[in-house]
Amino acid sequence: MPTLKFIPQNKIVETEAGISLLEAADRGGLYIEGDCAGKGTCGKCRARIVQGEKTEPTEAEKKHLTAAELEAGWVLACQRLINQNSTIELPLQKDAHTRKTTLSGGVENLEAEPAVKKVFVTLNRPTVQDQKADLERLQDALGCHELQVNPRELSSFPSMLRKNNYSVTAALTSNRLLSLEPGDTTAHLYGIAFDIGTTTIVGSLIDLNSATVIAVAAATNPQNIYGADVISRITHASQVKEGLKQLQDKVIDAANQIIKDLLKKTGVARDRVYEITAVGNTTMSHLFMGIDPTYLAPAPFIPAYRRALEVEALSLGLNINPSGRVTFLPNIAGYVGSDTVGVILATNMDQRQDVCAAIDIGTNGELVLAAGGKLMACSTAAGPAFEGAQIKQGMRAATGAIETVDYRDQQICLRTIDETPACGLCGSGLIDAAAALLEAGLVEPSGRFVNPEENPENVPKHFRDRLCPGQGGYQFILVPAAESATGEDIVLTQGDLRELQLAKGAIYAGLMILLKEAGLEEKDLNQVMLAGAFGNYVRKESALTIGLLPQLPPEKITAVGNAAGDGSRMALASLTMRQRALSLPQKVEHLELSTRPDFQDIFVEALPFKKN
Ligand code: FES
C-alpha cells in the first residue's frame, strides 16, 4: 500500500496502488481544484511530485504543462496513478467559504415557531391501584393519546423514568415522540439548516427556542471530484456502478463534517439537535436523498419527485439525534430546485405586488419574476463559468483569486482575496476584468480582443506587451508570471470572454423571456435582487457594463446574500414559513426555455458586451 505525504499540508494518506493522485488526495480530505471530473481537459488539478515515481507525461499533461513545469515535477493529479510511496506538493487552497457564511439572514425577525417542541413533565408514579404502562402514563401527562414512538426510544423509558423521579422532557413533532430525556432539558432545542450547493455546502446551527443562528460552518461539496456541474454528477450517478451511492456518501460525509464543526464551535450536544432542513438544486436534492437523478439530464428533464421529503436522520446517516427529522424542501422543476423556493421565501417575493426579479447565480442560473402577485421561474444553462469553471485560470472564490479589477488612471488595477499573490480568477473578478478591459478599449463590444497589429492606435503603448497571442485569439496578461503565486502569467483569454458571454447571455435572455411572458419590459422592473454569495460580490456597475443585468439604475439592483440558505433557516425556525415554502411549487409557473422558439434570438442578441 503506497503512502503519500502531502506538503505543505503535512498530511499522510495510505492508499491502494493504481488509483489516481486526485482520488488519493480526495480520500485524505484534501481539495484539488479541477472541473472536468478527471478527464484531463481542464488542466487545473496541478500537483508536484517532489519525491517518488516519475513517469512519462501523458498527452493531457503535455498539453497543459510547460516543458519547464514537467521538468520540475508538475503533473495533473487526475492523470497520475499512484504505485509508490511519494511526497506530493499541493498548491495551498484555503477556501473562502466565509464569503458565503453569515450569522444574520433569514431568521432575525422571526418568531420562534419550530416544528419540534419540548415539554417537561412529571408523571404520576405507578401504584398497585394504577397499573398503567409507562407509555400510557407519558401520553396522559402530555395530553396526547396517539403518540408515535420508535421502539428504539421506548426501550430506555422504564429505567429513565425511575432514575429521574418520573421527571422527564419529551421532544415531539406533532404526535411523534423524538426523544425522552432525563430532567428538564427544555432550554436545549436545536436544529441545522443546510444549503446544499453544487460547489459549497453551508450549515447553520439554530437555537430553536429563540430562532437565533448561533454558528455557521461550510465546506466544499466533495462531489466535485466527479465534475463541477450537475450534468457530470448525474452522468456519474447513472453510468458508474455504485455511482449514486458514492455521490450520496460524499455529500452526507460533508454534512456530517459541518455538523461536527458546528457542535464543536458551540458545545451543543449532538442529541440536542432534533431537526434538519435542507435546500439545493433538484439534482443536489436527489443525490442527498440517494434518489436516482438519471432522467433529469435528458429532455423532458423529469425529476423523480418535486414534493418535500421528510425522513429520519438515522436513515441518511446524519449525526444528529438518531430520531431527528430531515426535511428537504420541495423542488419546482427539474432545474429549478428548493434553493429557488428558499430564495422566494427569503425575499418575500410571493407576498409582493410590484414587479421584481431574483437571480441566483451559482453553478446554474435560476431566475424568478414576481409581477402583480404572479410568480414565474426558469433556469438558464449559464454553465459554471461564474464559479471559475471553463475559465482558463478560473477558480473558486478562495485565497489568491482575483476578485476585483478596475480600469483607473489608464491602468488595470486588481485585488485578490486575502491580498495574496494571484493564482487565478474567480467569478466576480472575471466580470470585473471583462468590464475593465472593455472600458480600456482592449475588448470590443462584440467580445473580441482588439488586434494590436490591425489597430495599433487602439492599444495604448503600455498595454501592448500584455495583449499577446494565445489559444484561439489574443489574451491579456492580468498578472505577469514574476508576480503571480503560480509562477505563470495569469491571463484572460479570448476563450474566457466567450464563456462569459455565453453565461451572461443565457441569464439575460432568461430574464427577458420571463418579462415577455408576463407582458412586461425591463424598464418595468422595480427591483432586481442578486442572490447567492456571488451576488454579494459581483459589482453591479461591472455587471451592467457587460450586459449581464438589465439596464436599470444601479439603485434598483440589490444583493440579497445567500437567500437560498436564509430560506432553509426560515423554514427550520418557523412552521408558518415552512408551510409557505411547501406551498410555493404550486404557485410558481415554470417556463422551460429549451422549448421556447424565441429563446435563441434573444440569447444571440444578448451576447455582445455592450448594446451599441
Ligand atoms: S485535468 Fe485533472 S481534473 Fe481536469
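Let me open with a question: which residue in S4 is the bridge partner of Arg-48? In this structure, which is a predicted model, the partner of Arg-48 is Trp-74, and that pair belongs to the antiparallel association of strand S3, residues 46-51, with S4, where three bridges join the two strands.

Staying with that part of the chain, we find an open sheet of five strands, ordered S2-S1-S5-S3-S4, in which the pairing is mixed. Its edges are strand S2 (11-14) and strand S4 (74-76), each of which pairs on one side only, and on average neighbouring strands of this sheet are turned by 35 degrees against each other, direction ignored. At the S2 edge, strand S1, residues 3-7, runs antiparallel to S2 and is joined to S2 by four bridges, with Thr-3 having Glu-14 as its bridge partner in S2. S1 and S2 form a hairpin with three residues between them, and in the turn Asn-10 has a positive phi of about 60 degrees.

Let me move to the second sheet. Here six strands make an open sheet in the order S26-S25-S16-S17-S18-S27, again with mixed pairing. Strand S26 (557-559) and strand S27 (588-590) are the edge strands, pairing on one side only, and the average turn between neighbouring strands of this sheet, with direction ignored, is 20 degrees. Within the sheet, strand S16 (residues 356-361) pairs with strand S25 (residues 527-531) in the parallel sense over five bridges, and Ala-358 stands opposite Met-529 in S25. Helix H18, residues 575-587, packs on the sheet, where it touches strand S18 (374-380) and S27, and the direction of H18 makes about 45 degrees with that of S27.

S18 also leads us to a loop, because the stretch between S18 and strand S19 (401-408) holds Ala-398, a residue that counts as buried because its relative accessible area is 1%, under the 20% cut-off. The C-alpha atoms of Ala-398 and Leu-425 are separated by 9.5 Å, although the two residues are 27 residues apart along the chain.

Now to the helices. How many of the ten residues of helix H11 are buried? Nine of them are, so that H11, residues 338-347, is mostly covered, and the buried set includes Asp-339 as well as Val-341, Val-343, Ile-344 and Leu-345. Just after H11 comes Asn-348, which takes a positive phi of about 65 degrees.

Helix H8, residues 243-266, offers a check on geometry: at 1.5 Å a residue its 24 residues should span 34 Å, and the end C-alpha atoms are 35 Å apart, which agrees. Following H8 is Gly-267, whose phi is positive, near 75 degrees.

Finally, consider helix H7 (residues 230-239) and helix H9 (residues 282-289), whose axes come within 10 Å and cross at roughly 35 degrees, the crossing being left-handed. On the H7 side the contact involves Val-230, Arg-233, Ile-234 and Ala-237, which meet Thr-283, Met-284 and Leu-287 in H9; by class, this contact has five nonpolar residues, one polar and one charged. As background to the spacing along such a face, an α-helix has 3.6 residues a turn, so residues three or four places apart point the same way.

Conventions: Residues are numbered from 1 along each chain as its sequence is written. This is a predicted model: local features need pLDDT of at least 70, side-chain atom pairs count only at pLDDT 80 or more; totals for chains, interfaces and linings use all residues. Side-chain values use heavy atoms; hydrogens and water are left out. Axes are lines fitted to C-alpha atoms, for helices over the stretch in contact, and angles run from 0 to 180 degrees between N-to-C directions. A crossing is left-handed if the near helix is turned anticlockwise from the far one by less than a right angle, and right-handed if clockwise. Contact means heavy atoms within 4.5 Å. Ala, Val, Leu, Ile, Met, Phe, Trp, Tyr, Cys and Pro count as nonpolar, Asp, Glu, Lys and Arg as charged, and the others, Gly among them, as polar. The expected span of a helix is 1.5 Å times one less than its number of residues. Two strands pair if DSSP finds at least two bridges between them. Buried means under 20% relative accessible area, exposed over 50%, partly exposed in between (1.4 Å probe, protein chains only).
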